[in-house]
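Work through the exercises below with the sequence and the model open side by side. Try each task before reading its solution.

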Amino acid sequence: MAEGSKLSFWQKVVKFTSNPRNLFVLGFVIIFVLTLLEFTRDRHGNFKIFAQATQMFWQGVAPYGDNWNAMEPKLDYFLYGPLFNLIFAPFAFAPQWLGPMMWNLASYVLWFTAIFTLPRFTVEEKCRSFMFTFLLLATTQLSFQYNVAVGAMFLLTYNALERGKTFWAVVLILISGFTKIYGFFAIGLLLCYPAKQWWRYVVYALPVALLFLLAPAASVPFSEVPAYYDEWVTALLSHKDTRTWVTIFYMKPFDLKSCQMYIQAGVLAALFAGILSNMRYRNVPFYRIGAFAVLVGYVILFSNSSERHTYVISLIGYMMWYWAMHRAGAVTLFDKVLFWLLFAIVVVMPVDVLCPPKLMHLFFDATVNLWLLVAMWIRVCYTTFVKIPERCLQFK
């Protein structure tokens, strides 16, 4: 009897999902089908927003404020920087039936590549991380969001820094920041690497940042560039009050919205202090993984306007931390329980074909998902900045 036939059904599933090629093809097909279904049902609203904003950009019109409100048909707000419109141009000006497919599939390939090029992690750990986050990935791609690309750029920034590719790390940080503002928070990662590289950050950043800053000049006169940015910043500041978001400021029974700015600044200052006080660990791989997980947790949990599927960015950082802890033998019972609760409630529940919407609303209206995400983030912070488990210091 052939060896394969001796395997149980579950063993065959595990074997299949432990192969990156199988996961890539399976994920690609699923994203292709979901994108096609949403497009044929005319439910690709975010893509329409990106495309219309990009077309306005190339017409020399800032796609914010009164300019945006005057456009027909009425679409939700556009909130990304002018550099985004340069990057999105191939998708915006592609045939209407092709652009959405290209956008989602390109985002998927970028996400998959970013995970499977992570240094130090085994193929099995990468496969499990991909599968843990896939349902949220699919959910955000159903909405044709930019979050997938932003999350991939965070990962690729970490990859570049770990491999000493300083220039590319800086470029990725600036692309992310000049398109979606919280990409700039990845600058905090630079402090987690040897000081001998810091001068390079400045040398690389200044000309690249200037180039990206002048992105509006591709369609408007230089004199109008400051006004263009003024309209973008105004749109960003007004957006946070337009609806209820899934951030720590909406966690029940507290009402933290009135002091949101102070909390954001205070926590950010505390994290900066944590990084400075742990500079001696910059050569410890686990510390850099933990710092990355803390960073991507902060930018979503303490954001002005995060949605449920945006947490795919936080969870991939958490996965990196979890598997580093697991391989070091430092995972506790609390960690294991939290792991499965996060998967069941944060990842699975928002998918209505897997969980009844009434049950999901019962948990999410009580902000159980937020409590779990806060517990996750605090646990990562503790093991990174307060007390690194002894075994994790040996993680390679």
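The exercises that follow concern a predicted model and go from its confidence values to single residues, salt bridges and backbone geometry.

**Exercise 1. Confidence**

Task: State the mean pLDDT of the protein chain, and find which elements have the lowest and the highest mean pLDDT.

Solution.
- Step 1. Averaged over the protein chain, pLDDT is 90. A value of 70 or more is reached by 96% of the residues.
- Step 2. By element, the lowest mean, 83, belongs to helix α4 (residues 65-69). The highest, 97, belongs to helix α6 (residues 99-116).
- Step 3. Where pLDDT is low, the predicted coordinates should not be read in detail.

**Exercise 2. The surroundings of T179**

Task: Locate T179, decide whether T179 is buried or exposed, and list what T179 touches.

Solution.
- Step 1. T179 is part of helix α9, which covers residues 166-179.
- Step 2. The relative accessibility of T179 is 0%, and the cut-off for buried is under 20%, so T179 counts as buried.
- Step 3. Within the helix neighbourhood, look for a polar partner of the side chain. The T179 side chain comes to 2.7 Å from the backbone oxygen of I175.
- Step 4. Set aside the neighbours within four places in sequence. T179 then contacts Y80, G81, L83, F84, I87, Y146 and W232.

**Exercise 3. A nonpolar patch**

Task: Which residues make the nonpolar surface patch of about 470 Å², and is V29 buried or partly exposed?

Solution.
- Step 1. The patch consists of V25, V29, F32, V33, L36 and L37.
- Step 2. One of these residues, V29, lies in helix α2, which spans residues 20-40.
- Step 3. With a relative accessible area of 45%, V29 lies between the 20% and 50% cut-offs and is therefore partly exposed.

**Exercise 4. Salt bridges**

Task: How many salt bridges does the structure hold? For the pairs E38 and R41, R128 and E124, and D335 and R379, give the N to O distance and the exposure of each partner.

Solution.
- Step 1. The total is 9 salt bridges.
- Step 2. E38 and R41 are joined by a salt bridge between their side chains, with N to O at 2.6 Å. E38 is buried because its relative accessibility is 6%, whereas R41, at 48%, is partly exposed. A network of salt bridges links E38, R41 and R43.
- Step 3. R128 and E124 also form a salt bridge, 2.6 Å from N to O. Both residues belong to helix α7 (residues 123-142) and are 4 residues apart, about one turn of the helix. R128 has a relative accessible area of 37%, so R128 is partly exposed. E124, at 41%, is partly exposed too.
- Step 4. In the salt bridge of D335 with R379, the closest N and O atoms are 2.8 Å apart. This pair connects distant parts of the chain: D335 sits in helix α16 (residues 333-348), R379 in helix α18 (residues 368-386), and the two are 44 residues apart. D335 is buried because its relative accessibility is 1%. R379 has 18%, so R379 counts as buried as well.

**Exercise 5. Backbone geometry**

Task: Where is the cis peptide bond between K252 and P253 placed, and what is the phi of R120 and of T367?

Solution.
- Step 1. The peptide bond from K252 to P253 is cis, with omega about 5°. P253 lies in the loop between α12 (225-239) and α13.
- Step 2. R120 is not a glycine, yet its phi is positive, near 75°. The residue R120 is found in the loop between α6 and α7. A relative accessibility of 32% means that R120 is partly exposed.
- Step 3. T367, also not a glycine, has a positive phi of about 55°. T367 is placed in the loop between α17 (357-365) and α18. T367 is buried because its relative accessible area is 5%.

**Exercise 6. A distance across the chain**

Task: Place G266 in its helix, and state what separation the C-alpha atoms of G266 and M360 have.

Solution.
- Step 1. G266 belongs to helix α13 (residues 260-277). At 41% relative accessibility, G266 is partly exposed.
- Step 2. G266 and M360 are 94 residues apart along the chain, and their C-alpha atoms are 32 Å apart.

Conventions: Residues numbered from 1 in each chain as written. Predicted model: local features only at pLDDT ≥ 70, side-chain atom pairs only at ≥ 80, totals over all residues. Heavy atoms only, no water. Buried < 20%, exposed > 50% of the residue type's maximum accessible area, 1.4 Å probe, protein only. Polar contact = N/O pair within 3.5 Å; in protein donor to acceptor, adjacent residues only side chain to side chain. Contact = heavy atoms within 4.5 Å. Patch = residues over 30% accessible without salt bridge, like charges linked within 9 Å, V, L, I, M, F, W, Y side chains within 5 Å. Areas by Shrake-Rupley, 256 points an atom, 1.4 Å probe, with all protein chains shown as cover. Salt bridge = Lys/Arg side-chain N within 4 Å of Asp/Glu carboxyl O. pLDDT = per-residue confidence, 0-100.
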